[in-house]
Amino acid sequence: MISRLYDLSSVAVVKNYNLSKLSDQLNGQVLADLYKSGVRLGLVDVLWEHFSHLEYFCDALDLCENSTILFEFVLLAEKQKKCFGDLLVKTVCRYAALMTHQILEATSRCERCLRHDDEDDDDVLMFPKSLYPDRESSPVCDCSSTTLGGSCLCSLSGFCSGSVLARRAVSPDIALEPECSHNSEKYDLVCTQLLVLLNRGYKVVEFFVESGQIDNARNVITALLQIPITKNRVKADCVLSLLNVRLLQIHTVDCKFFEGYQIFTRTRARLKSSLYGSHLLALLYGEEASRMMALCKHKSAIKWVQKAIKHVRKELPTALTIEVFRQCCKICVASKLFAEAKALMMFSLKLSEETHGATHPCHAQTLLIYGFYLLNMSEIDESVLVYRQCLDIFLNTLGDVNLKTACARQALGLALFIQGYNHYNFPEALWQIEKSTQILENLLNSKHVFIAASWRLKALLLEGLAANTENEQVALENLKQAKKLYWACVKMSREIVGEMTVQTARYYEHVGKVYRVLGKPHKAEDCLVRAEFIMNHVLEEGSHESLGVTVHLATLYAFDLDKKTSAERLFLRCLRSLREIQDTHVSGVGVDDFIEMCYRGLLRVSDNRPDTQSTYLQWYTDWRDQLQEQNQRNTAKEVLFQDLEHVLTFVSKELKVNTKIKSRTAR
């Protein structure tokens, strides 16, 4: 009865009172309940007016940290054709431009010093005329910085901070100091306000990252990083470093690896010299590991994973600790370090569910990695169930037209595709991929790496359909459509990231393999040779990615072009390198399959030389026996990272989390 009355009173308050006026008089729990009532009733206009104030929205982010209320509010607003994300971006950019203006005013020589008189300088800070008409007008815009749709911050603030900064030759790495003593009080006030703005801006960035609004996050980060540095740089280092880490993450997603490297080196130097930010090195190293993995540099990625784990500290916020372990887990899975991946995954799942709750998008992100782990452990059915659970969370909290929802559909489609080989059930997988592609094309620019990746998955599914149909005409049409999609991926990848990149080489490899199935071996050879050249040029020597392309080229020579001598030479070279990679335990998914292809190819090219073929057959048999023994040993293999068990024990003790978790399955 009491709870019912409380709910009714909450509804009445939301409907009849101004939340902005009440927020200072109510405690946090009551305010959070009022927000829930407003979302449940669909009072978008009331909440919109309240959350349009940056201060109140950031307070709501703190109150509803582990709740999905704000995600649901944004989803409701989108259904009414209102984009709350754009409003937030404009608000933060306006504050950033105003803060830049205030810093410039506080660090410039005052009128008293300029006029050399004794007039008191008690006036308030000068603001742009567009926002405060009673103030003196601001300078004309002549800067070239852009953040929103090709327009500079000046269009939002009415003040051209870029032109003033350029005229004063302000360096982003040098803190501005007052040029005269009369502005010291103004300067101290501005320094305090800058810290408040940076903290609020970072909260908005985290909200955008969690909700999959990458473009909005990038715009806010760009605006905040354009603000000049003041004397409180030490205190602001943590927030600025976190913003740079998020920008590194966005650049990795966009395949802007050189820009990401620049941000990494700059942020690493800042954190190592910082008094308060050294605990953030774990997060930075985790992002650098992801960048290395995107470049297919497995050894470098594992090196940064180890550094990230070693730098985990109790000062690191729980949500960021989960993120570090989640990233490390994904890289361990991709490098076939399954024992380490399992330890990190189970810990991350438990900690994520206790911290965020089972229906939060952050927990769904952890489930996405868990599904990836299960998929690589050949637990396909469980992986599909986990991906479905993850997709349901994203749909309920972020809606269907969202980047993270599209990525979840891609992952589910791939798992269903692999499952389809056992159950011959490809239609749902194809539908999920097509739905994901449609969402990405609506959300992103016409040229984006995510769209190319979605086309690639659809082409893979079409190849699977062609291989599992008895109708030759249908199979041929599917293969032609797959070839068309792969060529579209090649074209888009060349325009976005360039010709000499791993992404473009992968698409050339796919085109070559389709040409081989279509019975066009010479065209297949051209594409595979080009892919091999690019891989060897941009990847580490002996990378399993480049060796995989060479294996496919050798297979083409052995089975289709009758170039047995060239094929045998390539098979032997790849076999030696692949066995060395396999022994390092940092092999990457698919190495065993490539070795198998090498042995089968050697048996093929030596079919008219019985003695040589007998030798190759003995090698093949010995390798199969060793692989079986190794798999049995790996079931009880100790963790490779010596510090991993210690770190997990330490973190669990600090956060009071039980690390002894039984193997779980999706419910």
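**Exercise 1. Aromatic pairs and their burial**

Find how many aromatic pairs a search of the whole structure gives, and then describe the pair formed by phenylalanine 73 and phenylalanine 84.

*Solution.* The search of the whole structure, which is a predicted model, finds 18 aromatic pairs. In the pair formed by phenylalanine 73 and phenylalanine 84, the rings are 5.1 Å apart from centre to centre, with 75° between their planes. Planes over 60 degrees apart count as edge-to-face, and the pair of phenylalanine 73 and phenylalanine 84 is accordingly edge-to-face.

The next step is to place the two residues: phenylalanine 73 lies in helix H6 (residues 69-79) and phenylalanine 84 in helix H7 (residues 84-107), so the pair ties together parts that are 11 residues apart in sequence. For burial, the cut-off is under 20% relative accessible area. Phenylalanine 73 has a relative accessibility of 1% and therefore counts as buried, and phenylalanine 84, at 1%, counts as buried too.

A second pair is formed by phenylalanine 207 and phenylalanine 208, with 6.2 Å from centre to centre and 50° between the planes, and this pair is tilted. Phenylalanine 207 and phenylalanine 208 are both buried. As a last step, these four residues can be placed in one aromatic cluster, which is formed by Trp48, Phe51, Phe57, Phe71, Phe73, Phe84, Phe207 and Phe208.

**Exercise 2. Helices H17 and H19**

Work out how helix H17 and helix H19 are oriented to each other, and which residues make the contact.

*Solution.* Two packed helices are described by the angle between their axes and the distance between the axes. Helix H17 (residues 318-334) packs with helix H19 (residues 361-376) at an angle of about 15°, and their axes are 10 Å apart. Angles under 35 degrees count as roughly parallel, and H17 and H19 are therefore roughly parallel to each other. H17 passes H19 in a left-handed crossing.

On the side of H17, the contact is made by Ile322, Arg326, Cys329, Lys330, Val333 and Ala334, while H19 brings Cys362, Gln365, Thr366, Ile369, Phe372, Tyr373 and Asn376. Sorted by class, the residues of this contact of H17 with H19 are eight nonpolar, three polar and two charged.

**Exercise 3. Helices H15 and H16**

Decide whether H15 is roughly parallel or roughly antiparallel to H16, and give the make-up of their contact by class.

*Solution.* Helix H15 (residues 281-294) and helix H16 (residues 298-310) have axes 8 Å apart and pack at an angle of about 170°. An angle over 145 degrees counts as roughly antiparallel, which makes H15 roughly antiparallel to H16. The crossing of these two helices, H15 and H16, is left-handed.

From H15, Ala282, Tyr285, Gly286, Glu288, Ala289, Met292 and Met293 meet residues of H16, namely His298, Ser300, Ala301, Trp304, Val305, Lys307 and Ala308. The contact of H15 with H16 has nine nonpolar residues, together with three polar and two charged ones.

**Exercise 4. Two residues in H13 and H14**

Determine whether threonine 252 is buried or exposed, and find how far tyrosine 261 is from methionine 292 in sequence and in space.

*Solution.* Threonine 252 is found in helix H13 (residues 233-253). Its relative accessible area is 13%, so threonine 252 is buried. When neighbours within four places in sequence are left aside, threonine 252 is in contact with Phe257, Ser290, Arg291 and Ala294.

Tyrosine 261 lies in helix H14 (residues 257-272), and at 42% relative accessibility tyrosine 261 counts as partly exposed. Tyrosine 261 and methionine 292 are 31 residues apart in sequence, and 9.9 Å apart in space from C-alpha to C-alpha.

**Exercise 5. Helices H23 and H24, and the whole chain**

Describe the packing of helix H23 with helix H24, and then state how many helices and strands the protein chain has.

*Solution.* Helix H23 (residues 449-467) packs with helix H24 (residues 472-496) at an angle of about 160°, with 8 Å between their axes. H23 and H24 are therefore roughly antiparallel to each other, and their crossing is left-handed. Among the residues that meet are Trp455 and Leu462 in H23 and Leu485 and Met492 in H24. The contact of H23 with H24 divides into 18 nonpolar, two polar and three charged residues.

Turning to the whole, the protein chain has 31 helices and zero strands. Of its 667 residues, 51% are buried. Among the contacts in the protein chain with a separation of 6 or more, 69% are between residues 24 or more positions apart.

How values were computed: Residues numbered from 1 in each chain as written. Predicted model: local features only at pLDDT ≥ 70, side-chain atom pairs only at ≥ 80, totals over all residues. Heavy atoms only, no water. Axes fitted to C-alpha atoms, helices over the stretch in contact; angles between N-to-C directions. Helix = DSSP H or I, 4+ residues; strand = E, 2+ residues; numbered from the N terminus. Parallel < 35°, antiparallel > 145°, perpendicular 65-115°, else oblique. Left-handed = near helix turned anticlockwise from the far one by under 90°. Contact = heavy atoms within 4.5 Å. Nonpolar A, V, L, I, M, F, W, Y, C, P; charged D, E, K, R; others polar. Phe/Tyr/Trp six-rings, centres within 6.5 Å; stacked < 30°, edge-to-face > 60°. Buried < 20%, exposed > 50% of the residue type's maximum accessible area, 1.4 Å probe, protein only.
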